[in-house]
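Visitor: I'd enjoy a close look at one part of this model: the surroundings of its metal. Please take me through the atoms, the angles and the stretches of chain that meet there.

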Amino acid sequence: MRHQLARRRFLPAIAIAGLAAAGVGAQAQRPRIPPTGTIKKVSDNLYVIPGAGGNTTVFVTQDGVVLVDTKLPNNGEAILNQVRTVTDKPVSMIVNTHSHPDHIGSNEYFPASVDVVAHENTRKWMAANPRVASNPAAMPDRTFADRMTLGSGDDRIDLYYFGAGHTDGDALIVFPARRAMAAGDIFAWKMAPLIDPMAGGSVLALPDTLEKALNGVPNVDTVIEGHGDVNSWEGFRDYVQFNRALVDAAKAGLGQKTAEEIAAGLRQKFPVFTKEELLTDMEYGGTPLSRAVINVNVAFRELGKR
Ligand SMILES: [Zn+2]
């Protein structure tokens with residue numbers, strides 16, 4: 001176990017620069033990122049901590065606390081302080097849903113003895129980032145390709161991977177005893193997801209990936225979004241249908257309609273995902289409708305490269 005202060009220096013600043021590559025910076029007002037929030041109970045032994053980047057899911061097992069994602073850098077202590085309000089057990093494992101700095105940023109706060117688990121492509125992107133790769137405590141110790149099961153009985157966690165979407169390493173983290181799933185940023189803020197082509201993301205692959213998840217993940221009622229709220233399986237199903245409709249409409253409208261017209265055409269059937277209000281604590285700016293327009297344009301670009 002290394003000296004914590006020394007280790008924390010490796011990830012000094014808020015680093016959402018990677019997201020700008022995907023077009024977010026262009027449409028965002030200056031991000032107003034809220035601090036680590038108050039832990040909320042989702043169900044027995046399962047909690048979520050909002051703020052300071054992505055949601056952190058907290059799963060209290062017999063052997064210790066499993067964290068799904070660790071927010072932006074320098075939030076480890078704040079995460080641990082929230083965990084301490086519900087259990088005295090040590091943090092025993094970190095699972096990362098994907099490689100973005102607002103989800104892996106505080107991995108390095110936790111001792112190197114804490115196992116970090118992620119999809120193999122997520123490890124690849126983390127290894128390609130010198131600031132992350134130079135700190136072994138931040139890096140995944142174990143990876144998976146399609147499926148992985150951790151623990152057993154009430155403590156069981158199933159990891160699933162169904163293909164590219166937000167990145168090409170988006171893991172879905174399922175807690176079978178709680179009938180709950182942490183979705184990461186392939187489902188966040190009730191809007192079309194950011195697509196990060198620099199990390200293998202693809203809007204054309206997204207509906208296939210989401211439909212495989214919808215059909216391949218059993219017995220889930222509660223879905224913890226990567227940012228924002230806790231949703232339901234029905235909410236997730238609507239979202240999958242929305243992303244399929246968006247890509248279908250982009251394909252049909254390519255060369256004939258503008259992205260704005262195509263997104264507007266989705267409003268009647270999918271009002272939730274095409275709202276024009278700016279959401280509260282919306283770190284990266286933009287409304288759901290503006291994100292839908294962006295994703296139609298991303299689809300145009302991907303279709304043009306075929
Ligand atoms: Zn992300």
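Guide: Happy to! Buried here means under 20% relative accessible area, exposed over 50%, and partly exposed in between, using a 1.4 Å probe and protein chains only. This is a predicted model, in which local features need pLDDT of at least 70 and side-chain atom pairs count only at 80 or more, while totals for chains, interfaces and linings use all residues. Numbering starts at 1 along each chain as its sequence is written, and side-chain values rest on heavy atoms, without hydrogens or water.

By that scale H98 is buried, at a relative accessible area of 0%, and D185, at 8%, counts as buried too. Both serve the zinc ion: its protein donors are H98 through NE2, H100 through ND1, H166 through NE2 and D185 through OD, 2.1 to 2.3 Å away from the ion. (Donors are N, O and S atoms within 2.8 Å of the metal, or 3.2 Å for Na, K and Ca; water is not among the atoms, so sites may look incomplete.)

The angles that the four donor atoms subtend around the zinc ion run from 84 to 165°, which makes the arrangement irregular. Tetrahedral would require all four-donor angles between 85 and 135 degrees; square planar for four, or octahedral for six, requires opposite donors over 155 degrees apart and all others between 65 and 115.

Along the chain, the donors follow the spacing H-x1-H-x65-H-x18-D. H98 sits in the loop between β5 (91-95) and α5 (101-104), and D185 in the loop between β11 and α8, so this pair ties together parts 87 residues apart in sequence. (Helices, H or I over at least four residues, and strands, E over at least two, are DSSP runs numbered from the N terminus.)
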